[in-house]
Amino acid sequence: QLADVGRQRCHAKTCPQIQVLQLRKLANLFGSALLTLCALVHVGIVAGAIPLLKRVGHRVEHKGRSFGRAMVLGTSVVIILLAHTVQVWTWAIALMVSAAISDFATSFYFSMVTYTTLGYGDLVLGENLRIFATFAAVTGLLTFGISTAFLISILSSLFPEIYTAAE
């Protein structure tokens, strides 16, 4: 099968420009799938934590209201940190599997910087995989939003007097 690329005609299987486009499409698909998976895992961890938080609250309620609140809030933060850590490790492994980055330390560093949208810019993926990194950043934005909503929900449950006093 012949394809027109610019002013030249070449075979679709051997044409470098078509291979680049195919690689970009694969990066988009893989990035979209990984973003979806990571978001679902994050929601699952956070939602799955609710029964645990109730148990923690019931176990420490006899030790005083302030201590109980601190334990539930502290447990919530640990769960959120765990959920974000899972996401960063997932992206780091994906970057290595896709051969975008060869060693794990660099892959983890890049994943963390991108996921948090810090973006130092000291490491940049090749042109064909840049879009893949943006999916990691979108994952971070999305899951940080979910985490924020979760913490606000926990705070409003633990401290209803703060939210009802303003009404």
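# Chat on a predicted helical model

Biologist: What share of the contacts with a separation of 6 or more comes from residues 24 or more positions apart?

Modeller: That share is 59% for this chain. Keep in mind that this is a predicted model.

Biologist: How many helices and strands are there?

Modeller: The chain has 5 helices and 2 strands. Read from the N terminus, the order is β-β-α-α-α-α-α.

Biologist: And how much of the chain is buried?

Modeller: Of the 167 residues, 32% are buried. The chain exposes about 10300 Å², and 67% of that comes from carbon and sulfur atoms.

Biologist: Which residues have the most contacts inside the largest nonpolar core?

Modeller: They are L34, W91, L95, I101, F110, L125 and F132, in a core of 17 residues. Helices α1 (16-60), α2, α3 and α4 (130-158) each supply at least two residues of this core.

Biologist: What does L34 touch, leaving out residues up to four places away in sequence?

Modeller: L34 touches T90, W91, A94 and F132. W91 and F132 also turn up in a ring cluster, linked with F30 through ring pairs.

Biologist: What about another core, how many residues does that have?

Modeller: It has 10 residues and lies apart from the largest one. Among its members are V56, I79, I80 and I154.

Biologist: Back to the rings. How many aromatic pairs does the count come to?

Modeller: The count comes to 7 aromatic pairs. In the case of F104 and F108, the ring centres are 6.0 Å apart and the planes sit at 35 degrees, so that pair is tilted.

Biologist: Why tilted?

Modeller: Planes under 30 degrees apart would count as stacked and planes over 60 as edge-to-face. At 35 degrees the F104 and F108 pair falls in neither class, so the label is tilted.

Biologist: Where do F104 and F108 lie?

Modeller: Both are in helix α3, which covers residues 104-115. They are 4 residues apart, about one turn of the helix.

Biologist: Why does that spacing matter for direction?

Modeller: An α-helix has 3.6 residues a turn, so residues three or four places apart point the same way.

Biologist: What are the relative accessible areas of F104 and F108?

Modeller: F104 has 31% and F108 has 25%. F104 is partly exposed, and F108 is also partly exposed.

Biologist: Switching to charges. How many salt bridges does a search of the whole structure find?

Modeller: It finds 1 salt bridge. The partners are R69 and E161, with the closest N and O atoms 3.3 Å apart.

Biologist: Which helices hold R69 and E161?

Modeller: R69 is in helix α2 and E161 is in helix α5 (residues 160-165). The two are 92 residues apart, so the pair links distant parts of the chain.

Biologist: Is R69 buried or exposed?

Modeller: R69 is buried, at a relative accessible area of 13%. E161 is partly exposed, at 37%.

Biologist: How far does α2 reach from its first C-alpha to its last?

Modeller: Helix α2, residues 65-97, reaches 48 Å with 33 residues. That is close to the 48 Å expected at 1.5 Å a residue.

Biologist: What phi does A99 take, just after α2?

Modeller: A99 has a positive phi of about 65 degrees although it is not a glycine. A99 sits in the loop between α2 and α3, and with a relative accessible area of 64% it is exposed.

Biologist: What about T117, where does that lie?

Modeller: T117 is in the loop between α3 and α4. Its phi is positive, about 60 degrees, and T117 is not a glycine either. T117 counts as partly exposed at 42% relative accessibility.

Biologist: L129 is found in the loop between α3 and α4; is L129 buried or exposed?

Modeller: L129 is buried, with a relative accessible area of 16%. The cut-off for buried is under 20%, so L129 qualifies.

Biologist: What does L129 touch, not counting residues up to four places away in sequence?

Modeller: L129 touches A27, S98 and A100. The C-alpha atoms of L129 and S98 are separated by 9.0 Å, with their positions 31 residues apart along the chain.

Note on methods: Residues are numbered from 1 along each chain as its sequence is written. This is a predicted model: local features need pLDDT of at least 70, side-chain atom pairs count only at pLDDT 80 or more; totals for chains, interfaces and linings use all residues. Side-chain values use heavy atoms; hydrogens and water are left out. Rings of Phe, Tyr and Trp (its six-membered ring) pair if their centres lie within 6.5 Å; planes under 30 degrees apart count as stacked, over 60 as edge-to-face and the rest as tilted. Buried means under 20% relative accessible area, exposed over 50%, partly exposed in between (1.4 Å probe, protein chains only). The expected span of a helix is 1.5 Å times one less than its number of residues. A salt bridge is a side-chain nitrogen of Lys or Arg within 4 Å of a carboxyl oxygen of Asp or Glu. A nonpolar core is a set of buried Ala, Val, Leu, Ile, Met, Phe, Trp, Tyr and Cys residues joined through side-chain atoms within 4.5 Å. Contact means heavy atoms within 4.5 Å. Accessible areas come from the Shrake-Rupley method with a 1.4 Å probe; for residues, only the protein chains shown count as cover.
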